[in-house]
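Open your viewer, switch on a cartoon view, and keep the selection box handy. We will go from stop to stop, picking a few residues each time.

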Amino acid sequence: MIKLRHGIYSVALVASLVLGGCENLSHMASGSSAKATSSQDSSNGGSAASPSFNKFTDIPMPSNSTVDMDRSIIFGASDAWTGRLALNSRGTPAQMYDFYEREMPNFGWSKVTVVRADVSVLVYDRESRVATIKLTGGSFSGSTVDITVSPKG
């Protein structure tokens, strides 16, 4: 009986964490249209004007991208979020690689390691967090960008 009660509490805790993350992501998608602070123009992967990006103040967002809500899971907001942010970009994987390599240091991130290939991976750290950016080619054109941010350790 005690094991069953602990199991129910565990399931309730996990469910509340997942639903809380979904709630934060839905608020991000319906936020105001504030622009990111990046100074790049949209022709080469510049700052984002999409309303869904205004809550991510610590990661550069290319303007030619949209959030894939089905593949994203975010806990927290602003400079304290954790999770995976999935983007669909009209830019090629090479353009997205160059964009993130150029822009991440402007947001205070330090390069840890990078692999440039058919599937490119860039790893950065900043204070007590680590960001991993995975770039792959899109199914028809453009690219898929998966940004995973987690605490160090």
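Which side chain meets that of Asp58 in a salt bridge? Keep in mind as you look that this is a predicted model.

**Stop 1: a bridge across the chain**

Select Asp58 and Arg129 and show their side chains. The partner is Arg129, and the N to O distance is 2.5 Å. Now colour the chain by position. Asp58 lies in the loop between α1 and β1, while Arg129 belongs to strand β6, so this salt bridge ties together parts that are 71 residues apart in sequence. Both Asp58 and Arg129 are buried. Across the structure, the count of salt bridges comes to 8.

**Stop 2: a small network of charges**

Next, select Arg71. What are the salt-bridge partners that join Arg71 in one network? They are Asp68 and Asp146, linked with Arg71 by salt bridges that share partners.

Look at Asp68 to begin with: its closest O atom and the closest N atom of Arg71 are 3.1 Å apart. Then turn to Asp146, where the closest N and O atoms are 2.3 Å apart. This second pair links distant parts of the chain, with Arg71 in the loop between β1 and β2 and Asp146 in strand β7, 75 residues apart.

Try a surface view here. Arg71 has 25% relative accessibility, so it counts as partly exposed. Asp68, at 15%, counts as buried, and Asp146 counts as buried at 13%.

**Stop 3: the nonpolar core**

Now for the inside. In soluble globular proteins, nonpolar side chains tend to be buried together. The largest nonpolar core here has 23 residues, and those with the most contacts inside it are Ile59, Leu85, Tyr100, Ile133 and Ile147. Show these five as spheres.

Which elements give two or more residues to this core? Select β3 (82–89), α2 (93–103), β5 (120–126), β6 (129–137) and β7 (143–151). The largest share, 4 residues, comes from α2.

Zoom in on Ile133 and list its neighbours. Leaving out residues up to four places away in sequence, Ile133 touches Tyr100, Met104, Ser120, Val121, Leu122, Tyr124, Val145, Asp146 and Ile147. You have met Asp146 before, in the network with Asp68 and Arg71.

**Stop 4: one face of a helix**

Select α2 and look down its axis. Its buried residues are Met96, Tyr97, Phe99, Tyr100 and Glu103. They fall within an arc of 165°, so they line one face of the helix. It helps to know that an α-helix has 3.6 residues a turn, so residues three or four places apart point the same way. What do the buried residues of α2 pack against? Bring up β1, β3, β4, β5, β6 and β7 to see their packing partners.

**Stop 5: aromatic pairs**

How many aromatic pairs does the structure hold? There are 2.

Select Phe56 and Trp81. Their ring centres are 5.1 Å apart and their planes meet at 80°, so the pair is edge-to-face. Phe56 is in the loop between α1 (2–29) and β1 (65–67), and Trp81 is in the loop between β2 (73–75) and β3, 25 residues apart. Phe56 counts as buried at 2% relative accessibility, and Trp81 counts as buried at 0%.

The other pair is Phe99 and Tyr100: with centres 4.9 Å apart and planes at 85°, these rings are edge-to-face. Phe99 has 0% relative accessibility and counts as buried; Tyr100, also at 0%, counts as buried.

**Stop 6: a buried strand residue and an exposed loop residue**

Pick Thr136 in strand β6. Is Thr136 buried or exposed? At 17% relative accessibility it falls under the 20% cut-off, so Thr136 counts as buried. Apart from residues up to four places away in sequence, Thr136 touches Pro93, Asp118, Val119, Ser143 and Thr144.

Finish at Glu127, in the loop between β5 and β6. Glu127 counts as exposed, with 69% relative accessibility. Check its backbone angles as well. Most residues other than glycine have a negative phi. Glu127 is not a glycine, yet its phi is positive, at about 50°.

Terms used: Residues are numbered from 1 along each chain as its sequence is written. This is a predicted model: local features need pLDDT of at least 70, side-chain atom pairs count only at pLDDT 80 or more; totals for chains, interfaces and linings use all residues. Side-chain values use heavy atoms; hydrogens and water are left out. A nonpolar core is a set of buried Ala, Val, Leu, Ile, Met, Phe, Trp, Tyr and Cys residues joined through side-chain atoms within 4.5 Å. Buried means under 20% relative accessible area, exposed over 50%, partly exposed in between (1.4 Å probe, protein chains only). Contact means heavy atoms within 4.5 Å. Rings of Phe, Tyr and Trp (its six-membered ring) pair if their centres lie within 6.5 Å; planes under 30 degrees apart count as stacked, over 60 as edge-to-face and the rest as tilted. The arc is that of the directions from the helix axis to the C-beta atoms. A salt bridge is a side-chain nitrogen of Lys or Arg within 4 Å of a carboxyl oxygen of Asp or Glu.
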